[in-house]
Amino acid sequence: MKILTGNDLPSGAVIWWAGDGWSRHVEDAADVGEAGEPILTREEGARRVNNAYIIEAVATPEGPRPAHIKDRIRALGPTVRPDLTLKPADPNAGSWVI
């Protein structure tokens, strides 16, 4: 199966083609088969998506599962916990100004 992914222009969020529009959930992704390139051309031209591309996926009971690890990580969403980031003004952060 082939599915489309890209980034939402206003927010930068990872999005997936759901057949009638874009979704933030890979579970909603639709198999585009050989129709992927025309959909990408149309959607990028309409400025609804940025950096869109076609990926291989496997159908599962929970929905499509990207075949490549990079795309599975993209499907999981942000991997940085905001509560664990260092504050730039924190003197204990260990930042050096050169």
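## Strands 1 and 2

In this predicted model, strand 1 covers residues 2-8 and strand 2 covers residues 14-17. The two strands run antiparallel, and three bridges join them. One position can be read directly across the pairing: Asn-7 stands opposite Val-14 in strand 2.

Strand 1 and strand 2 form a hairpin. Five residues lie between them. Gly-12 sits in this turn, with a positive phi of about 80°.

## Strands 2 and 3

Strand 2 also pairs with strand 3, which spans residues 22-23. Two bridges join these strands, and they too run antiparallel. Here Trp-17 stands opposite Trp-22 in strand 3.

This pairing is a hairpin as well, with four residues between the strands. Its glycine is Gly-19, which takes a positive phi near 105°.

## The tryptophan pair

How many aromatic pairs does the count give? The count comes to one aromatic pair. Trp-17 and Trp-22 form that pair. Their arrangement is edge-to-face, with 5.2 Å centre to centre and 70° between the planes. The planes are over 60 degrees apart, so the pair counts as edge-to-face.

Are the two tryptophans buried or exposed? Trp-17 has 5% relative accessibility and counts as buried. Trp-22 has 21% relative accessibility and counts as partly exposed. Buried means under 20%, so Trp-22 falls outside that class.

## Helix 1 and its two faces

Helix 1 runs over residues 36-45. Its buried residues are Gly-36, Ile-39, Leu-40 and Glu-43. Why do they line one face of the helix? Seen down the axis of helix 1, the buried residues fall within an arc of 100°, so they line one face.

Other residues sit on the face turned away from the buried side. That face carries the exposed residues Glu-37, Pro-38, Thr-41 and Gly-45. What covers the buried residues of helix 1? The cover includes strand 1, strand 2, strand 3 and strand 4, the last of these being residues 49-60.

## Glu-43

Glu-43 is in helix 1. Its relative accessibility is 3%, so Glu-43 counts as buried. The side chain of Glu-43 makes a polar contact with the side chain of Trp-22, at 2.8 Å.

Which residues does Glu-43 touch, leaving aside its neighbours within four places in sequence? Glu-43 is in contact with Trp-17, Trp-22, Arg-48 and Val-49. Both members of the aromatic pair, Trp-17 and Trp-22, are therefore among the contacts of this buried helix residue.

## Positive phi outside glycine

Arg-47 comes just after helix 1. This residue is found in the loop between helix 1 and strand 4. Its phi is near 60°, a positive value in a residue other than glycine. Arg-47 is exposed, with a relative accessible area of 67%. The cut-off for exposed is over 50%, so Arg-47 meets it.

Asn-51 is another case. It is not a glycine, yet Asn-51 has a positive phi of about 55°. Where is Asn-51 placed? Asn-51 is in strand 4.

Conventions:
Residues numbered from 1 in each chain as written. Heavy atoms only, no water. Pairing = 2+ DSSP bridges. Buried < 20%, exposed > 50% of the residue type's maximum accessible area, 1.4 Å probe, protein only. Arc of directions from axis to C-beta. Contact = heavy atoms within 4.5 Å. Phe/Tyr/Trp six-rings, centres within 6.5 Å; stacked < 30°, edge-to-face > 60°. Polar contact = N/O pair within 3.5 Å; in protein donor to acceptor, adjacent residues only side chain to side chain.
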